[in-house]
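Here are a few short exercises to work through with the model open beside you. Try each one yourself before reading its solution.

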Amino acid sequence: MIRVLLVDDQPLLRSGFRALLDLEDDIQVVAEAGDGQEGLELAREHVPDVALIDIRMPVLDGIEATRRIAADPALAGVHVVILTNYGLDEYVFDALRAGAAGFLVKDIVPDDFLHAVRVAARGDALLAPSITRKLITRYVSQPLTTTRTGAGLDELTAREREAVALVAHGLSNDEIAGRMVISPMTAKTHINRAMAKLHVRDRAQLVVLAYESGLVAPRGS
């Protein structure tokens, strides 16, 4: 059973999401919150598999709530998915850097929404290669104000570094496997080992770190 926490300051939207989730036999909404502080407290109480969190909320916004969840070892198994009306804006980038596993635009179609919850619950990054490429275009291709020098990259093997660089270029596991002439399972293993060594939660964090560490240079730099 996938246990979900809903955090949004709009009751009507929460009700809509809950109605969809409650129809599924493998998903249970364990709690709802109307602001980030309440959401954080309920996350600690229920330790859900997935926390769907709005960005802009009173008391504590979604970015700070995400940051605190990601920083709490007791909540390491909670996968935060950001809910937004605005698509790829600076708030989304900040949320990904804070530890979110991915994001959903609120006008997503129901089937895609349910699929996304299941993807997040498995621990897979909720960023399709197409979304990763948009992140690169809209975020990492801009001049960086800070760089995480090294960022633990010296702990990676040459093949792991190669796999991380390809992730940062927006390639899927199958595409990485083809580029590296290995099986998709081996590609996934390289990526998972790199994430463990670099202490990042998911593929989204790996993309950000790859650019901020200088492993991959933004286009045009």
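## Exercise 1: a buried pair

Aspartate 54 and lysine 106 bring their side chains together in a salt bridge, at 3.2 Å from N to O. Bear in mind that this is a predicted model. Your task: find where aspartate 54 and lysine 106 lie, and work out which parts the pair ties together.

**Solution.** Start with the locations: aspartate 54 belongs to strand β3, while lysine 106 sits in the loop between β5 and α5, so the salt bridge ties together parts 52 residues apart in sequence. Next, check the surroundings. Buried means under 20% relative accessible area. Aspartate 54 is buried, and lysine 106 is buried too.

## Exercise 2: a link to helix α5

Aspartate 26 also takes part in a salt bridge, this time with arginine 118. Your task: determine how far apart in the chain aspartate 26 and arginine 118 are, and decide whether aspartate 26 is buried, partly exposed or exposed.

**Solution.** First, the distance between the closest N and O atoms is 2.8 Å. Second, aspartate 26 is in the loop between α1 and β2 and arginine 118 is in helix α5, so the pair links distant parts of the chain, 92 residues apart. Third, the relative accessible area is 30% for aspartate 26, which makes it partly exposed. Arginine 118, at 24%, is partly exposed as well.

## Exercise 3: a pair within one helix

Glutamate 64 and arginine 67 form a salt bridge, 2.6 Å from N to O. Your task: explain why glutamate 64 and arginine 67 are separated by about one helical turn.

**Solution.** Begin with the general rule: an α-helix has 3.6 residues a turn, so residues three or four places apart point the same way. Now apply the positions: glutamate 64 and arginine 67 are about one turn apart because they are three residues apart in helix α3, residues 62-71. Finally, look at accessibility: glutamate 64 is partly exposed at 23%, and arginine 67 is partly exposed at 37%.

## Exercise 4: the inner side of α5

Your task: list which residues of α5 are buried, and say what they pack against.

**Solution.** Take the helix itself: α5 covers residues 110-121, twelve in number, and spans 17 Å from first to last C-alpha, close to the expected 16 Å. Its buried residues are Phe113, Leu114, Ala116, Val117, Val119 and Ala120. These pack against β1, α1, β2, β3, β4 and β5. Just beyond, glycine 123 follows α5 with a positive phi near 90 degrees.

Note on methods: Residues numbered from 1 in each chain as written. Predicted model: local features only at pLDDT ≥ 70, side-chain atom pairs only at ≥ 80, totals over all residues. Heavy atoms only, no water. Helix = DSSP H or I, 4+ residues; strand = E, 2+ residues; numbered from the N terminus. Expected span 1.5 Å × (residues − 1). Buried < 20%, exposed > 50% of the residue type's maximum accessible area, 1.4 Å probe, protein only. Contact = heavy atoms within 4.5 Å. Salt bridge = Lys/Arg side-chain N within 4 Å of Asp/Glu carboxyl O.
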